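Please open the structure in a viewer and keep the selection tool at hand. The tour below proceeds from one selection to the next and states what is found at each stop.

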Amino acid sequence: QELARQVDLEPAQVANGASELLGEVANSKITGEEDRYSHTDLWDFEANVEGSEAAFEAVAGLIPPEQAALVEEIRAGFVDAKDVLDPYREGKGFVLYTDLTEEDTRTLAQTIDTLAEPLSQVAAIVVVT
C-alpha cells in the first residue's frame with residue numbers, strides 16, 4: 001500500500017484502467033480460458049468488476065456535473081454487473097465456470113458490454129477537465 005501511494009497516475013490512466021479491467025473480462029474470463037483447469041473464472045470476473053468500479057469512482061468526481069447522466073449510467077451498469085453474478089453464487093464463492101450454459105455466458109458478456117461502452121468515454125472526459 002505504501003508503494004502504491006507513491007505512484008503518480010493521471011486521471012485518464014485510472015479511467016483507462018477501469019475500461020481495461022472490463023475488457024479483460026470480455027476477452028478471457030467470459031470464455032472460460034482464464035482458469036481453464038480450476039474453472040474459477042467467476043471469482044476473477046467479480047474481482048475485475050470491483051476493481052473497475054473502484055477505479056471509476058476514483059475519477060468520477062472529475063466528470064463535469066452536466067454529464068451526471070453518464071455517471072449514473074455507469075453506476076447502474078456496475079450494479080447490473082454485480083447482480084448478473086448473483087444467480088451463480090454458491091457459499092462464499094461461485095459455481096464452477098463449467099456449470100454455466102451458453103445463455104449464461106452470453107448474458108454475462110452482454111452485461112459487461114453494456115457497461116463498457118459508457119465507461120470507455122470517461123478517460124477522454126477526465127483528460128480534458
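Begin by selecting Asp86, which counts as partly exposed because its relative accessibility is 39%. Add Arg89 to the selection: the side chains of Asp86 and Arg89 meet in a salt bridge, with 2.9 Å from N to O. Arg89 is partly exposed as well, with a relative accessible area of 36%. Now include Glu46, since salt bridges with shared partners join Glu46, Asp86 and Arg89 into one network.

Before going further, note that this is a predicted model. The mean pLDDT of the protein is 87, and 87% of its residues reach 70 or more. Colour the elements by this value: helix H1 (residues 2-5) has the lowest mean among them, 72, while H4 has the highest, 97. Where pLDDT is low, the predicted coordinates should not be read in detail.

**Other salt bridges**

The structure holds six salt bridges. Select Lys82 and Glu53, whose side chains meet in one of them at 2.6 Å, N to O. Lys82 belongs to helix H4 and Glu53 to helix H3, so this pair ties together parts that lie 29 residues apart in sequence. Lys82 is partly exposed, its relative accessible area being 32%. Is Glu53 buried or exposed? With a relative accessible area of 19%, Glu53 is buried, because the cut-off for a buried residue is under 20%.

Next, select Arg75 and Glu72, which form a salt bridge of 3.5 Å, N to O. These two residues are three apart in helix H4, and therefore about one helical turn separates them. Arg75 is partly exposed at 32% relative accessibility, and Glu72 is partly exposed at 47%.

**Along helix H3**

Select residues 41-60 to display helix H3. Its 20 residues reach 28 Å from the first C-alpha to the last, close to the 28 Å expected. Among the buried residues of H3 are Asp41, Leu42, Phe45, Val49, Ser52 and Phe56. Stop at Ser52, which is buried with a relative accessible area of 0%. Leaving aside residues up to four places away in sequence, Ser52 touches Ala18, Leu21, Leu22, Phe78 and Leu119.

**The aromatic pairs**

How many aromatic pairs does the structure hold? There are two aromatic pairs. Select Trp43 and Phe94 to see an edge-to-face pair, with 5.7 Å between the centres and 90° between the planes. Trp43 lies in helix H3 and Phe94 in strand S2 (residues 93-94), so that distant parts of the chain, 51 residues apart, are linked. Trp43 counts as partly exposed at 33% relative accessibility, whereas Phe94 is buried at 3%.

Then select Phe56 and Phe78, whose ring centres are 6.1 Å apart; their planes stand at 35°, so the pair is tilted. Phe56 is in helix H3 and Phe78 in helix H4 (residues 68-85), so the pair ties together parts 22 residues apart in sequence. Both Phe56 and Phe78 are buried.

**The nonpolar core**

The final selection is the largest nonpolar core, which has 34 residues; those with the most contacts inside it include Leu42, Phe45, Phe56 and Leu108. Helices H2 (11-29), H3, H4, H5 (102-119) and H6 (122-128) are the elements that give two or more residues to this core. Show the surroundings of Leu42: apart from residues up to four places away in sequence, Leu42 touches Leu85, Tyr88, Phe94, Val95, Leu100 and Leu108. In H5, the buried residues include Leu108, Ile112, Leu115 and Leu119.

Methods: Residues are numbered from 1 along each chain as its sequence is written. This is a predicted model: local features need pLDDT of at least 70, side-chain atom pairs count only at pLDDT 80 or more; totals for chains, interfaces and linings use all residues. Side-chain values use heavy atoms; hydrogens and water are left out. Helices (H or I, at least four residues) and strands (E, at least two) are DSSP runs, numbered from the N terminus. The expected span of a helix is 1.5 Å times one less than its number of residues. Buried means under 20% relative accessible area, exposed over 50%, partly exposed in between (1.4 Å probe, protein chains only). Rings of Phe, Tyr and Trp (its six-membered ring) pair if their centres lie within 6.5 Å; planes under 30 degrees apart count as stacked, over 60 as edge-to-face and the rest as tilted. A nonpolar core is a set of buried Ala, Val, Leu, Ile, Met, Phe, Trp, Tyr and Cys residues joined through side-chain atoms within 4.5 Å. Contact means heavy atoms within 4.5 Å. pLDDT is the predictor's confidence in each residue, from 0 to 100. A salt bridge is a side-chain nitrogen of Lys or Arg within 4 Å of a carboxyl oxygen of Asp or Glu.
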